[in-house]
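Here is a friendly walk through one protein model, with the annotated sites taken together with their surroundings. Keep the 3D view open as you read.

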Amino acid sequence: MDGQAPAQNMRIDADRLWDSLMEMAKIGPGVAGGNNRQTLTDADAEGRALFQSWCEAAGCTMGVDRIGNMFARREGTEDLPAVYVGSHLDTQPTGGKYDGVLGVLGGLELIRTLNDLNIRTRHPVVVTNWTNEEGTRFAPAMLASGVFAGMHAQDWAEDRTDADGKRFGDELDRIGWRGEEEVGARRDDIHAFFELHIEQGPILEAKGKDIGVVTHGQGLWWLQVTLTGKDAHTGSTPMNMRVNAGLGMARIMELAHTIAMENQPDAVGAVGQANVYPNSRNVIPGKAVFTIDFRSPDQEKLDGMKARLEAEAPKIAEELGLGIEIESVGHFDPVTFDESCVAAVRKAAERLGYSYQDIISGAGHDACWINRVAPTSMIMCPCVDGLSHNEAEEITKDWARAGADVLLHAVLEKAEVVA
């Protein structure tokens, strides 16, 4: 049956996948039922070690590159490029148990299922854990997959610092997960890449669909704004003599909302990270640092929103007597995923009898970078109320099963089953 579609009754073990998700969730627990397993923390190191132990128990060999990306390889019967799958194990500070993790452990479950059924493939299959997808500790998001794809310089990435001034490269060394492989050395080894992920939006659940076939991804601009004013006492400084960085931040936040609203449909914008200094109850902020997140699948709208913010925010700062700096700390253009990989996902859903619809990813994912160097697509499953980046993030075992089943069948189409 070389090159033929896998049998319709070929399914993953949903209980085993779910048990693995719950076991990984014990590492870096949050305070409200989710996870705080931020990148390059001790919890991240522990999660990586557990993943490696599971992969080696499944007969895979583990490779790690010099920025911490992990590659668990199941050999094929021929010396051919591999079919890669995966996502990320790091979480937001108040993250859920499934964002990213489902894609990594769904890939592991794929390997386990192939072992159970004694299925061999012509192409090897590789399960990947990409470092620092979330970007919450070290901006930008999808940092290590971006280096892998040649979009960021490795030295630049390693010099990223967190809120405490700690360097990415130093923290990678500290937790012991810097590998020996050159970053990007595997680019020519990727026959196709599939990423399974929760939707992080409400569309699939609202429409009663099991699977989202991801055809496109939104582009993104992250603009970090730094406003500089003057620290002063909140009670004794006259209103007309204040140089209030917090007020400037509030007005620019409103500007970002207005820009996004005036670019409807298919545009979003918000500030999700904001800090004022010295952050004291009775001190007028003398400094504010915050990040504006603009997204759209339309390149013209995306770039237009950025340009308008960069033109109008300095005027607000000037009116308030504030200094201003605007730095781009994250960007990728809108993504069109590979037609052949998208078709493999769609055919897998049809073959298995799962309901599905085409969908545009509203969030950024490692697949957005890998798509630039290899044929790529994504598979999405619903999440309750579309809630993500929140400890209350939830999916059902059946949703996880459907996504992993479709991943299995799409991968086998590309990896080619050997009789």
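Let us start with Glu-158. Setting aside neighbours within four places in sequence, Glu-158 is in contact with Arg-66, Arg-167, Phe-168, Gly-169 and Arg-178. Glu-158 sits in helix 5, which covers residues 154–158. With a relative accessibility of 10%, Glu-158 counts as buried. Please bear in mind that this is a predicted model.

**The annotated binding sites**

The UniProt record, in an unreviewed entry, gives the feature "binding site" at His-88, Asp-99 and His-197. These residues span 110 residues in sequence, yet no two of their C-alpha atoms are more than 9.8 Å apart, so they gather at one spot. Of these residues, Asp-99 is included in the lining of the second largest cavity.

A "binding site" annotation in UniProt, also from an unreviewed entry, covers Asp-99, Glu-134 and His-389. Here the span is 291 residues in sequence, but no two of the C-alpha atoms are more than 9.6 Å apart, so this set gathers at one spot too. Asp-99, Glu-134 and His-389 from this set are taken in by the lining of the second largest cavity.

Where do these three residues sit, and are they buried or exposed? The table puts their places and accessibilities side by side.

| Residue | Place in the chain | Relative accessibility |
|---|---|---|
| Asp-99 | loop between strand 3 (82–87) and helix 3 (101–116) | 5%, buried |
| Glu-134 | loop between strand 5 (125–129) and helix 4 (143–148) | 6%, buried |
| His-389 | loop between strand 16 (376–381) and helix 12 (397–415) | 39%, partly exposed |

Now for their contacts, again leaving out neighbours within four places in sequence. Asp-99 is in contact with His-88, Asp-90, Glu-134, His-197, Ile-198, Gln-200, Ser-388, His-389 and Glu-393. The partners of Asp-99 thus include His-88 and His-197, which are annotated with Asp-99 in one set, as well as Glu-134 and His-389, which are annotated with Asp-99 in the other.

Glu-134, on the same terms, is in contact with His-88, Asp-90, Thr-91, Gln-92, Asp-99, Ala-141, Trp-222 and His-389. His-389 touches Gln-92, Thr-94, Asp-99, Glu-134 and Gln-200, not counting residues up to four places away in sequence.

**Backbone details**

Some backbone values are worth a look. Most residues other than glycine have a negative phi, and most peptide bonds are trans. His-389, from the annotated site, has a phi near 55°, a positive value in a residue other than glycine. Asp-266 also has a positive phi, near 65°. Asp-266 lies in the loop between helix 8 and strand 10, and with a relative accessible area of 49% it is partly exposed.

Which residues does a cis peptide bond join, with omega about 0°? They are Gln-264 and Pro-265. Pro-265 is found in the loop between helix 8 (245–261) and strand 10 (268–277). A cis peptide bond also joins Tyr-277 and Pro-278, with omega about 5°. Pro-278 has its place in the loop between strand 10 and strand 11 (283–284).

UniProt, in an unreviewed entry, places the feature "domain: Peptidase M20 dimerisation" at residues 218–318. Over residues 218–318 the chain is 37% helix and 34% strand, and the end C-alpha atoms are 32 Å apart.

**Toward the start of the chain**

Two packed helices are described by the angle between their axes and the distance between the axes. Helix 1 (residues 14–25) packs with helix 2 (residues 42–57) at an angle of about 150°, and their axes are 10 Å apart. Angles over 145 degrees count as roughly antiparallel, which makes helix 1 roughly antiparallel to helix 2. From helix 1, the contact is made by Ser-20, Glu-23 and Met-24, and from helix 2 by Gly-47, Leu-50, Phe-51 and Trp-54. Those contact residues divide into four nonpolar, two polar and one charged.

Last comes Thr-61, which lies in strand 1 (residues 61–64). Leaving aside neighbours within four places in sequence, Thr-61 is in contact with Phe-71, Ala-72 and Arg-73. Thr-61 and Glu-75 are 14 residues apart along the chain, and their C-alpha atoms are separated by 8.7 Å.

Notes
Residues numbered from 1 in each chain as written. Predicted model: local features only at pLDDT ≥ 70, side-chain atom pairs only at ≥ 80, totals over all residues. Heavy atoms only, no water. Axes fitted to C-alpha atoms, helices over the stretch in contact; angles between N-to-C directions. Helix = DSSP H or I, 4+ residues; strand = E, 2+ residues; numbered from the N terminus. Parallel < 35°, antiparallel > 145°, perpendicular 65-115°, else oblique. Contact = heavy atoms within 4.5 Å. Nonpolar A, V, L, I, M, F, W, Y, C, P; charged D, E, K, R; others polar. UniProt positions renumbered as here; feature names shortened; annotations may be inferred. 1 Å grid on protein atoms, 1.4 Å probe; cavity = no way out; pocket = protein on both sides within 12 Å on 5 of 7 lines; lining within 4 Å. Buried < 20%, exposed > 50% of the residue type's maximum accessible area, 1.4 Å probe, protein only.
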